Amino acid sequence: MNNYQCKLCGAVVRGTSWPTSTGCPRGTGLGRKHDWKLLGEGGDTTYQCKKCGAVVYGKKYSWPRTFGCPSGGQHSWNKL
């Protein structure tokens, strides 16, 4: 199970494959597509980004990836 976040709208989802790209409220063009970024493998440890507020559940010793924060630049993760 992996964590994904849309760089445009900030939606976070968990799944075993890439989420569907259609239906982004901030997407552009026909189909209003999400811009999904893989944050990393899911787990039981909770992390929250200080910038965008996203909450993801990841591995204890493997922090989520930092690139692609919807608030601009890189995520700044805190372990909760």
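Here is a friendly conversation about the predicted model shown above.

Reader: How many helices and strands does the protein chain have, and what pattern does the chain follow?

Author: Welcome, and let us begin with the overall fold. The secondary structure of the protein chain comes to 0 helices and 5 strands. Read from one end of the sequence to the other, the pattern is β-β-β-β-β.

Reader: How does the radius of gyration of the protein chain sit beside what the globule rule gives for 80 residues?

Author: A good thing to ask next. Along its principal axes, the C-alpha trace spans about 40 × 25 × 15 Å. The globule rule gives 12 Å for 80 residues, and the protein chain comes close to that value, so it is as compact as a globular protein of that length, with a radius of gyration of 12 Å.

Reader: What share of the residues of the protein chain count as buried?

Author: Two numbers help here, one for the surface and one for the inside. The protein chain exposes about 4,800 Å², and carbon and sulfur atoms supply 49% of that area. A residue counts as buried when its relative accessible area is under 20%. Of the 80 residues, the share that counts as buried is 32%.

Reader: Which strand gives the largest share of the largest nonpolar core?

Author: Let us meet the core before its main contributor. The largest nonpolar core has 7 residues in all: Leu39, Tyr47, Cys49, Ala54, Val56, Cys69 and Trp77. The largest share of this core, 3 residues, comes from strand 3 (residues 36–49).

Reader: Which residues does Ala54 touch, not counting residues up to four places away in sequence?

Author: Ala54 is one of the residues of the largest nonpolar core. Tyr47, Cys49 and Trp77 also belong to that core, and Ala54 touches each of them. With those included, the list for Ala54 is Gln5, Val12, Tyr47, Gln48, Cys49 and Trp77.

Reader: Is Asn3 buried or exposed, and which backbone oxygen does the side chain of Asn3 reach?

Author: Asn3 is found in strand 1 (residues 2–6). Because its relative accessibility is 3%, Asn3 counts as buried. Beyond its sequence neighbours within four places, Asn3 is in contact with residues including Val13, Lys37, Leu39, Glu41 and Val56. Its side chain reaches, at 2.9 Å, the backbone oxygen of Tyr57.

Reader: Where is His34, and is His34 buried or exposed?

Author: His34 has its place in the loop between strand 2 (12–15) and strand 3. Leaving aside neighbours within four places in sequence, His34 is in contact with Cys6, Cys9, Thr20, Ser21, Thr22, Gly23, Cys24 and Pro25. With a relative accessibility of 15%, His34 counts as buried.

Reader: How many Å separate the C-alpha atoms of Cys24 and Lys50?

Author: Cys24 is found in the loop between strand 2 and strand 3, and at 1% relative accessibility Cys24 counts as buried. Not counting residues up to four places away, Cys24 touches Cys6, Leu8, Cys9, Arg32, Lys33 and His34. Lys50 is 26 residues from Cys24 along the chain, and their C-alpha atoms are separated by 23 Å.

Reader: Which residue meets Asp35 in a salt bridge?

Author: The structure holds 2 salt bridges, and Asp35 takes part in one of them. At 28% relative accessibility, Asp35 counts as partly exposed, and its partner counts as partly exposed as well, at 23%. The two side chains meet at 3.3 Å, N to O, and the partner is Lys37.

Reader: How many residues apart are Lys59 and Glu41?

Author: The side chains of Lys59 and Glu41 meet in a salt bridge at 3.7 Å, N to O. This pair links distant parts of the chain, with Lys59 in the loop between strand 4 (55–58) and strand 5 (77–79), and Glu41 in strand 3. Lys59 counts as partly exposed at 36% relative accessibility, and Glu41 counts as partly exposed at 48%. Along the sequence, the two are apart by 18 residues.

Reader: Which residues is Lys7 in contact with, leaving aside its neighbours within four places in sequence?

Author: Lys7 lies in the loop between strand 1 and strand 2. With a relative accessible area of 37%, Lys7 is partly exposed. Lys7 and Tyr57 are 50 residues apart in sequence and 18 Å apart in space, C-alpha to C-alpha. The contacts of Lys7 are Asp35, Lys37, Gly68 and Pro70.

Terms used: Residues are numbered from 1 along each chain as its sequence is written. This is a predicted model: local features need pLDDT of at least 70, side-chain atom pairs count only at pLDDT 80 or more; totals for chains, interfaces and linings use all residues. Side-chain values use heavy atoms; hydrogens and water are left out. A nonpolar core is a set of buried Ala, Val, Leu, Ile, Met, Phe, Trp, Tyr and Cys residues joined through side-chain atoms within 4.5 Å. Buried means under 20% relative accessible area, exposed over 50%, partly exposed in between (1.4 Å probe, protein chains only). Helices (H or I, at least four residues) and strands (E, at least two) are DSSP runs, numbered from the N terminus. Contact means heavy atoms within 4.5 Å. A polar contact is a pair of N or O atoms within 3.5 Å; within protein, one must be able to donate a hydrogen and the other to accept it, and residues adjacent in sequence count only if both atoms are side-chain atoms. A salt bridge is a side-chain nitrogen of Lys or Arg within 4 Å of a carboxyl oxygen of Asp or Glu. The radius of gyration is taken over C-alpha atoms; the globule rule is 2.2 Å times the number of residues to the power 0.38. Accessible areas come from the Shrake-Rupley method with a 1.4 Å probe; for residues, only the protein chains shown count as cover.
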